[in-house]
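Please look over the sequence and the model shown here before reading on. The report that follows walks through selected features, one topic at a time.

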Amino acid sequence: MEGRHLDALLRYRDALRSSASSCPVDPFFAFPAVLKSCAALSLPSAVAQLHARAVRSGCHSHPFVLTSLISTYARLSLPHLAAVLLPPASSSSSSTLTVCYNALISGFAVNGLHISALSLFRRMLRCGASFNSITMLGLLPCGPHLPLRPLSGCSALHACNVKAGTDVDPAVANCLITMYARCGAVDLARRVFDCANSAAAAAAAAAPPLPTGERDAHALVRWNSMVSAYAQNGLAAEALELYQEMVERAGVEPDAVTMVGVLSCCANLGAPAVAREVEQRISGDPSFSTNTFLLNALINMNARCGNLPRAQKLFDEMPHRTVVSWTAIISGYGIHGEGRKAAELFDKMLAAGVRPDGVVMVSVLAACSHAGLTEEGLRHFRRMEGAHGLAPGTEHYACVVDLLGRAGRLQEAQRVISSMPVAPDGAVWGALLGACKIHRDVETAELAFRNVVALEPGNVGYYVLMANIYSDAGRLDGAARVRVMMRRRGLRKEPGVSYVEHGGSVHTFFADDGSHPQAGEIHRLVGELEALVGGGGGAGRHSERLAVAFALMNSEPGEKLVVIKNLRVCEDCHMFLRRVSAVVGREITVRDATRFHHFAGGECSCNGYW
DNA sequence: TTAGGGTTAG
C-alpha cells in the first residue's frame, strides 16, 4: 500500500519535471490523488510544498483543490490548519461549502475534537450550507462523546437524521448502530439494525436487483457492526448467534472484520472450538493471514483461552507487529500468572522501538501486580510520564493501588490516591477495597467503601465485597448493615451464570437451572458427585457445578474441561471442583470474573486476577 | 474524468 502511494508521488514529481507537452499526467487533475498519497505516507511537509505550489499557480481556490487540501490537513491530524482554509459562505457554491464542512467535521471528529466537530456543524447550519448523509457519517461518531449524558447526545443526532431523512442511507444506519453500541445502548443499536434490514429487504423486493456489489457491501458492514456491537458490550453469546444467522440464514459472506468480532467473543467466552472453526476458515484465505487486525484477534483469543504456545507462535510469525499485538501477548501471560514473562516481553517491546500506549501499560502493570512483582511494577509506573510521555490515567492509578495493596502496603496505596492529579474513580477505590479484603483491614475498607459507593452506587460487587470483609472480621452487624443498604437501594446480586462450549455451541447454566435439555441427568450427576466428594446440600446448586457435570457427561475422557463463570467461584464450589478433579482424574479449568482456576488431580493453581 | 463517508484487534 505504501509502495503504491510512493509510486504516485514519484510519478507526479517526474510529471512536473517533464515538459508540458510530454507530461504524462495533468498536474492539476492529479492534485487530489497526490495529496491523498501524502496523507497516507504522513508527509505534512510535502503537503505544505504542494499547497504553496497551488497558491503560486492560483489554483488553490478551485473547489477540488481546496477540498483536497482541507481533507488532507485534517487527515494529517492538523485540523486547525484545515479550518483556516474554510471559504466564506458567500464566495463558494453551496455544494463546495458542504464538501468543505464535511471534510472538516470528519477531520475534527477523527482527531478526537468532538465538541469542535459539533460546533462546526452548528456553524454550517447557521451559514446556510446544506448537510447530507456524508456530514452525518463524520458527525455520528461524536455522539458518545458529547457532554450531555452520552445517550442523549446520540438520540439528538439520531433525531437530526430522521428529520433530514438521512437515516435511510444504509451507511448512516450502520454508523448509528456503532454509535449506540459505543455508549452501551445495544438494544437501540439492534433496533436500527432490524429497521435497516427490513428496509434493505423491501428495497430488494421492490426494485430490480442491481448487479453491483454495493448493496452487499452495505449489508456486510451492517452485520459486522451489529456483531461487533454485541461483542464490544460483552454479549458474546448474542454475537455468536448473530454470526450464525448471518452466515446460515442471511447468506452474507463474512470478511476479516466479522472474524475479528467473532474471535473477540470466543476469547471472552472461552469457546476454543468455535474459534478453531474460525481459524480454519481464515487459514483457507491467504489475504486473511496477513491481516494484522485478525492476527491480533487470534493471538488474543488463544492467549485468553489458555493456548499460550499457539498465541506465541502466531505472534512470532506475524509479519508486522503493532502495540496491540504486544498487548495481546503480554496480557495473555499476565492473565495466566506468568508476570515475569509478561514483564520481559514488555522490555522486548521497548527494545524493538514500539512506543507503549496507555493500554499496554495497564497490562504490564496488572501482570506485575498479579505475579507479586511490586517493585518492577512501580518502576514501570514511574517511567510512564518521563520515558514514554504518557500521563497516567485513573486506570493506571488503580493498577498501582492494586500493586501496593496486594503487597500489604495499604498506607502507601492511600497516599498514592491522595496525591493523584486526577480525581480517583471507582476502580481506584475498588482496588483499595479489594486489597483490604486480602489483608483484613476493616478500617481502611470502610474508607474505600464510602468513596466507592459514592462514585458507583449501583455496582453490586463493592457492597458484596464490603459485607464479606465485615463477615471475615466477625463483624456481622456491619455485614447486615451493608445488605440492608443494598436492599434499600434496590440492588440485587447479578445471577451467576456458567458457560460451557460443546458441539460448536455455547451452553448456559444458571443456579438451580432446570431448563437444559439434559437437566435431569445433569442434576443427578451433580448429586452423585456431591455425595462422593462432599459439599452438597447448600441453599442452591451453583451454576458451575451444573456446567462441570454437563461437560463431564459430554466430553471424551482426557479432554480438558473449560467452564466460564461470570462471577467469582465461591469457596465451597472451589473445594468441590478440586475434589471432583481428583476423583474423576480430569483437568478442569474455571475462569471467573477475577481468577483463572486450574484444577488437576486435586491441586488448584489460581493464576491470579485478571 | 479530478473533492467529503460507514464496520475491525489489545
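Helices (H or I, at least four residues) and strands (E, at least two) are DSSP runs that are numbered from the N terminus.

## Basis of the report

This is a predicted model, in which local features need pLDDT of at least 70 and side-chain atom pairs count only at pLDDT 80 or more, while totals for chains, interfaces and linings use all residues. Residues are numbered from 1 along each chain as its sequence is written, chains are lettered from A and ligands numbered from 1 in the order in which they are written, and side-chain values use heavy atoms, with hydrogens and water left out.

## Two loop residues with positive phi

Most residues other than glycine have a negative phi. S42 is not a glycine, yet its phi is positive, at about 55°, and its place is in the loop between α2 (27–40) and α3 (44–57).

R440, again not a glycine, has a positive phi of about 50°, and this residue is found in the loop between α24 (426–439) and α25 (442–455). For accessibility, buried means under 20% relative accessible area, exposed means over 50%, and partly exposed covers what lies in between (1.4 Å probe, protein chains only). R440 has a relative accessibility of 57% and therefore counts as exposed.

## The surroundings of DNA strand B

A residue is taken to be near a strand if one of its heavy atoms lies within 4 Å of it. DNA strand B is surrounded by 39 residues, of which the closest are F29, N102, N132, H218 and N296. Divided by class, the surface near DNA strand B has 16 nonpolar, 19 polar and four charged residues, where Ala, Val, Leu, Ile, Met, Phe, Trp, Tyr, Cys and Pro count as nonpolar, Asp, Glu, Lys and Arg as charged, and the others, Gly among them, as polar.

Seen from the side of the nucleic acid, 45% of the atoms of DNA strand B within 4 Å of the protein belong to sugar or phosphate, and the rest belong to bases. Polar contacts, meaning pairs of N or O atoms within 3.5 Å, include two to base nitrogens: a polar side-chain atom of N132 lies 2.4 Å from a base nitrogen of DNA strand B, and an N or O atom in the side chain of N174 is 2.7 Å from a base nitrogen of the strand. The side chain of R182, by contrast, has an N or O atom 3.0 Å from a phosphate oxygen of DNA strand B.

## Salt bridges

A salt bridge is here a side-chain nitrogen of Lys or Arg within 4 Å of a carboxyl oxygen of Asp or Glu, and by this rule the count comes to 15. One of them joins R190 to D194, with the closest N and O atoms 3.1 Å apart. The two residues are four residues apart in helix α11 (residues 186–206), so they are separated by about one helical turn. R190 is partly exposed, with a relative accessible area of 23%, and D194 is also partly exposed, at 33%.

Another salt bridge brings together the side chains of D472 and K437, at 2.9 Å from N to O. Because D472 lies in helix α26 (residues 460–472) and K437 in helix α24, the pair ties together parts that are 35 residues apart in sequence. D472, at 33% relative accessibility, counts as partly exposed, and K437 is partly exposed with a relative accessible area of 28%. The side chains of R475 and D477 also meet in a salt bridge, at 3.9 Å from N to O; R475 is partly exposed at 30%, and D477 counts as partly exposed at 48%. In addition, R340, E376 and R379 are linked in a network of salt bridges.

## Buried positions

What is the accessibility of C266, buried or exposed? C266, which is found in helix α14 (residues 256–269), has 0% relative accessibility and so counts as buried. C266 and A231 are 35 residues apart in sequence, and their C-alpha atoms are 9.4 Å apart in space.

S555 lies in the loop between α29 (543–553) and β3 (561–565), and this residue is buried, with a relative accessible area of 15%. The C-alpha atoms of S555 and A273 are separated by 13 Å, although the two residues are 282 residues apart along the chain.

Methods. A polar contact is a pair of N or O atoms within 3.5 Å; within protein, one must be able to donate a hydrogen and the other to accept it, and residues adjacent in sequence count only if both atoms are side-chain atoms.
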